[in-house]
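Hi there,

Here is the structure I promised to pass on. Have a look at it first, and then read my notes underneath.

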Amino acid sequence: MWIARSKAELEQQLATSPRPVVLVPTMGALHPGHAALIDLARKHAGPDGAVLVSIFVNPIQFDKPADLEKYPRTEDADLIICRNHGADGVFIPDAEDMYFDNRSITVTETHLSKHLCGATRPGHFDGVCTVVLKLFNLTHCDAAVFGEKDFQQLAIIRRMVRDLDLRVQIIPHPTLREADGLAMSSRNRRLTPEQRADASRIREALTLAAQKPSPSEILVTAREIIEASKLTKIDYLAIVDEENLQPTEQITRPSILACAVFYGEVRLIDHIRIPKA
Ligand code: AMP
């Protein structure tokens with residue numbers, strides 16, 4: 001497994017790379033959720049194709065400097081996971097190599113990013129789209145795997161591919177969860193044991209609420225369960241249309257109940273599909 005630490009090194013490695021190239025973009029601190037994405041990439045690339053994992057904590061998608069600073073970094077363990085799951089190469093660039101000081105072009109999505117994480121994290125999805133487009137260009141990938149855990153991100157990336165005519169197939173992977181239902185996340189390791197034990201209520205709240213018959217009951221139920229804990233603060237809790245991600249008052253089409261919850265400074269997201277009434 002090769003490691004490229006700069007755009008120039010990546011270019012060299014890719015000169016002799018077989019096709020298809022399947023990319024798994026990550027910010028590192030890899031867990032079994034990421035490993036499953038690498039496995040799916042391996043399956044998709046086949047025995048002759050190349051699986052490439054990028055590990056880059058992208059500064060321009062963080063709206064809070066403290067969140068960027070405290071983002072877990074576990075490179076040695078990450079490389080072991082990449083190797084064990086059959087990655088052919090890992091791209092670990094520096095922010096200085098990725099971004100020019102005087103860069104002046106950013107990719108902006110203007111519809112799907114209006115609500116949910118886009119509303120409470122200004123500029124976040126501009127940063128995501130910009131780095132993902134750069135990674136697609138740098139790796140010349142044929143396909144890329146993204147987790148459904150970040151469903152707004154997945155929808156926005158698909159929209160970017162459609163609207164900008166990118167020749168990259170987007171492959172989704174379902175959310176991997178801990179035994180108690182908490183969605184796996186690199187941020188979970190920043191929780192205290194008390195917060196970690198409490199955090200299973202997020203999934204419980206969404207699951208129980210999604211069974212209620214009306215949007216208002218769904219929202220009230222989820223809010224009650226989450227706010228029963230003194231350790232949490234809701235960032236947002238909303239029902240949106242599954243396709244256009246706009247808030248919906250009546251569930252006439254497949255919809256998503258989504259939330260972001262703070263445990264101290266640690267922000268966790270999760271969502272569940274609400275079946276059409
Ligand atoms: P991150 O490193 O958090 O930026 O995530 C990199 C990729 O892994 C994204 O496509 C995420 O959606 C995906 N991912 C993160 N956590 C999970 C999970 N629990 N299950 C499935 N995919 C995940």
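**Strands and cysteines**

In β6, Phe 146 has Pro 172 as its bridge partner. Keep in mind while you browse that this is a predicted model.

That pair is a good way into the sheet. Strand β5 covers residues 143-147, and five bridges join β5 to β6, with the two running parallel. Zooming out, you'll find six strands forming an open sheet, and the pairing is parallel. Going across, the order is β1-β4-β3-β2-β5-β6. At the edges sit β1 (2-4) and β6 (169-173), each of which pairs on one side only. If you ignore direction, neighbouring strands of this sheet are turned by 25° against each other on average.

Now for the cysteines. How many disulfides does the structure hold? Zero. As a quick reminder, a disulfide is a covalent bond between the sulfur atoms of two cysteines. To count as one here, the two sulfur atoms have to be within 2.5 Å.

So why does Cys 129 not form one? Its closest cysteine sulfur is in Cys 117, and that is 13 Å away, too far for a bond. Cys 129 is also buried, with a relative accessible area of 1%.

Cys 259 has a similar story to tell. The closest cysteine sulfur to the one in Cys 259 is again in Cys 117, at 9.5 Å, so that is too far for a bond. Cys 259 counts as buried too, at 0% relative accessibility.

Happy browsing!

Conventions:
Residues are numbered from 1 along each chain as its sequence is written. This is a predicted model: local features need pLDDT of at least 70, side-chain atom pairs count only at pLDDT 80 or more; totals for chains, interfaces and linings use all residues. Side-chain values use heavy atoms; hydrogens and water are left out. Buried means under 20% relative accessible area, exposed over 50%, partly exposed in between (1.4 Å probe, protein chains only). Two strands pair if DSSP finds at least two bridges between them. Helices (H or I, at least four residues) and strands (E, at least two) are DSSP runs, numbered from the N terminus. Axes are lines fitted to C-alpha atoms, for helices over the stretch in contact, and angles run from 0 to 180 degrees between N-to-C directions.
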